[in-house]
Every structure is written in C-alpha cells, then in structure tokens.
Amino acid sequence: MRAGIIGATGYTGVELVKIIARHSHLELSVITSESYAGKPFSEIYPLMQGVCDMILVENDLEEVSKKADVFFLCLPHKTAMESAKFLYEKGKIVIDLSADFRIKDKNIYEEVYGTAHIASHLLEKAVYGQAEIYTKEIQKTSLIAGAGCYPTSIITPLYPLLESGLIDDNSFIIADSKSGVSGAGRKPSLTNIFCEANEDLKPYGIFSHRHNSEIDFILSEAQKNTHVIFTPHLLPVNRGILSTIYFKTKAGKDELENTIKEKYKGRYFVRIKNTIPAIRYVANTNFIDIAVYKKDDTAIIVSAIDNLLKGASGQAVQCFNIMQNIEETTGLI
C-alpha cells in the first residue's frame with residue numbers, strides 16, 4: 001500500500017520514514033514539508049542517505065492525495081484537523097499523530113486547545129490509537145487519532161485496573177512523568193536547547209498540561225469521572241518517557257499485576273517486568289515496560305516507553321497493522 005507522510009521532517013516524521021522503509025506492506029510514495037520542499041529528505045537527515053532520498057514536496061493536499069492510500073499526519077495540534085478532514089473525505093486512511101481527534105468532546109477540545117474544531121463531525125468516527133485497548137475499534141475505522149506519548153505511558157497500565165474497579169474511588173491518582181527533549185519537537189526553543197536542558201530536571205505545565213484532559217477523558221471510559229494529577233518533567237535526554245504512578249487500593253500486588261497481564265495477554269509490545277523499568281531498555285523500540293509495586297494500601301506503577309515510537313510513530317504503524325489485519329509487529333522489530 002502506498003504511504004504518505006504529511007510533515008515528514010520532524011522527529012515523528014523521520015521515525016515513520018525509517019519504519020516504512022522496512023515495512024513489507026507499505027511503500028513510501030510522498031513526503032511533504034513546508035520548510036524544506038524541493039530538497040531531498042536525506043539532505044535534512046543525512047543518516048537516511050540511500051534509504052530515503054525522496055524529494056520533499058509542499059502540502060498541496062489536492063495533488064498529494066493522488067499519490068498515496070494511507071496518510072500519516074505529523075502536523076502540529078490545531079492545524080492537522082484540516083488535512084485530516086480533506087484526506088478522509090477523499091477516502092484515504094488517515095492516521096493523525098496530533099491531538100486534534102483524541103478527545104471526542106468538542107467543547108473539551110476547544111477549551112484545552114483554544115481553537116474552534118473545524119472537523120468536529122469526525123470526532124465520533126475517529127478511534128483513539130492506543131493499540132492494545134482499542135484493537136476492535138481500530139480494525140473497523142479509517143481514521144486514527146494517535147495516542148499521546150505521556151498518555152500512553154499512563155493510560156496503558158491504569159486502564160485495566162480502573163476497568164476492574166481495583167483503584168479506590170476516593171484515591172488520588174498521581175502520575176509523575178519525565179520525558180526527553182524530543183517530546184517538544186524539532187523546532188528549537190530556549191527551554192530545550194542543550195545549555196538550558198543539560199544537567200537539569202524541571203517540571204512544567206503544572207495543573208495545565210494539555211495531555212491531562214486526554215488522560216482523564218480516556219480513563220473515564222474505564223471508570224467514570226476519573227481524574228489523574230499529572231505533572232510532566234523535562235529530562236536532559238534525547239528520547240524516552242518514564243512515568244511513576246501512585247494510588248490507593250485494597251487489591252494485592254499479584255491481583256494488580258495479573259489484571260494488567262490478562263488485559264494485554266498475547267500483546268507483544270506490553271512487557272510486565274519484575275525489575276524497575278528504565279528508559280534505556282525501551283529506547284528505539286515500540287515496547288512499554290510496566291512494573292507493579294505495593295506496600296500497605298499504596299500501589300506504585302512504573303512504566304517506560306520511547307516517546308517517538310510507542311508514544312507516536314511506532315504505535316501509529318502498529319494501529320495501521322491492526323487495521324489491515326497483518327502481523328502487529330510488522331515494520332516494528
């Protein structure tokens with residue numbers, strides 16, 4: 001199947017190029033960039049010389065839509081919805097890596113992102129792209145709202161526990177998450193340059209990070225009115241997310257662990273660990289590592305993912321594989 005990447009020169013775009021280059025069911029046929037149109041992809045990313053020397057083209061959707069059957073959108077939030085709407089209505093498979101279709105409630109989206117949703121009629125058609133939870137729905141759709149990176153690290157371990165009623169109703173759920181600087185994208189900013197981020201660790205978006213609404217919205221499908229106190233931190237590493245999640249429960253460690261195992265039984269990319277997960281062991285992979293700890297009435301879950309793969313491009317291709325009923329790991333291992 002012919003694949004196109006809209007906005008191919010960001011970090012998620014280059015990861016998609018790498019995956020598609022080794023994917024047995026996908027052929028990269030068009031890549032776009034407003035900033036680098038007319039240049040070979042391998043000039044922007046020299047490591048891709050001989051792997052992808054395609055010329056980047058402008059985001060002329062009318063022309064671009066003729067060149068591929070499935071489109072991966074690596075565009076900023078607030079702008080992706082226009083491209084998604086156009087391509088979906090052209091009958092294309094659309095896998096959007098932005099947040100524009102993750103929250104089905106138009107009012108919540110508009111409050112969080114501060115803009116009108118111009119394709120709100122598609123919100124109900126879009127399926128949230130957490131591959132292991134929404135597998136059946138993914139198989140039946142042609143519009144995927146790729147799950148966020150922080151949300152993937154938090155939702156994946158918590159969803160089965162909330163679904164099974166194992167977290168106390170009156171319990172605070174606290175998620176303390178740390179991400180590498182690639183999570184902020186390739187465009188430079190003062191807080192993310194080397195001298196500012198190196199030798200430092202700091203929280204940001206306290207009580208205001210946009211992913212909090214996404215986390216709450218999805219987890220409330222497992223248990224109504226779920227709210228997570230979520231605080232992200234910037235780590236001085238290139239890639240990866242580590243989340244430490246705290247809550248109260250009457251369930252024992254084995255019950256918590258077995259509930260997660262049962263939910264994801266047979267799912268290759270979810271690994272339940274007996275050792276503490278670490279970013280170094282999931283970097284450059286599509287795995288999520290999860291470990292459960294329990295003392296008295298307090299449980300702690302630690303999870304680790306690669307924010308650019310399981311948190312973005314890898315899971316996007318995993319969703320495509322599920323949609324096409326091909327081996328879930330195709331192109332990803």
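Student: What makes strand S7 and strand S10 a pair, and in which sense do they run?

Tutor: In this predicted model, six bridges join S7 (residues 173–179) to S10 (residues 241–248), and the two run antiparallel. Pairing requires at least two bridges between two strands, so six bridges meet the criterion. One of the bridges sets Ser177 opposite its partner Ser243 in S10.

Student: How do you know that S10 also pairs with S13?

Tutor: Eight bridges join S10 to strand S13 (residues 298–305), again antiparallel. The cut-off is at least two bridges, so S10 and S13 count as paired. Leu242 stands opposite Ala304 in S13.

Student: Which strands make up the open sheet, and in what order?

Tutor: The open sheet has six strands in the order S2-S1-S3-S4-S6-S5, with parallel pairing.

Student: Why are S2 and S5 called edge strands?

Tutor: Strand S2 (27–31) and strand S5 (127–129) each have a single partner strand, so one side of each lacks a neighbour in the sheet. Neighbouring strands of this sheet are turned by 25° against each other on average, with direction ignored.

Student: What makes S3 and S4 partners?

Tutor: Strand S3 (residues 70–73) and strand S4 (residues 93–96) share four bridges in the parallel sense. At least two are needed, so the pair qualifies. Val70 stands opposite Ile93 in S4.

Student: How do you know that helices H1 and H4 pack on the sheet?

Tutor: By the strands they touch, where contact means heavy atoms within 4.5 Å. Helix H1 (residues 11–21) touches strand S1 (2–6), S2 and S3, and its direction makes about 165° with that of S1. Helix H4 (residues 80–89) touches S1, S3, S4 and S6, and its direction makes about 175° with that of S3. Angles run from 0 to 180 degrees between N-to-C directions, so about 175° puts H4 close to opposite in direction to S3.

Student: How many cavities does a search of the whole structure find?

Tutor: One cavity of 30 Å³ or more is found. The largest cavity has a volume of about 40 Å³, so it passes the 30 Å³ cut-off.

Student: What lines the largest cavity, by class?

Tutor: The lining has six nonpolar, four polar and no charged residues. Gly129, Gly146 and Gly311 are among the lining residues, and Gly counts as polar, so these three belong to the polar group.

Student: Which element supplies the largest share of the lining?

Tutor: H11 does, with three residues. Strand S6 (143–146) and helix H11 (313–323) each supply at least two.

Conventions. Residues are numbered from 1 along each chain as its sequence is written. This is a predicted model: local features need pLDDT of at least 70, side-chain atom pairs count only at pLDDT 80 or more; totals for chains, interfaces and linings use all residues. Side-chain values use heavy atoms; hydrogens and water are left out. On a 1 Å grid over the protein atoms alone, a cavity is a set of points where a 1.4 Å probe fits but cannot get out, and a pocket is an open set with protein on both sides within 12 Å along at least five of seven lines; lining residues have an atom within 4 Å of a point. Grid points are joined across faces, edges and corners, and a volume is the space filled by probe spheres set on the points.
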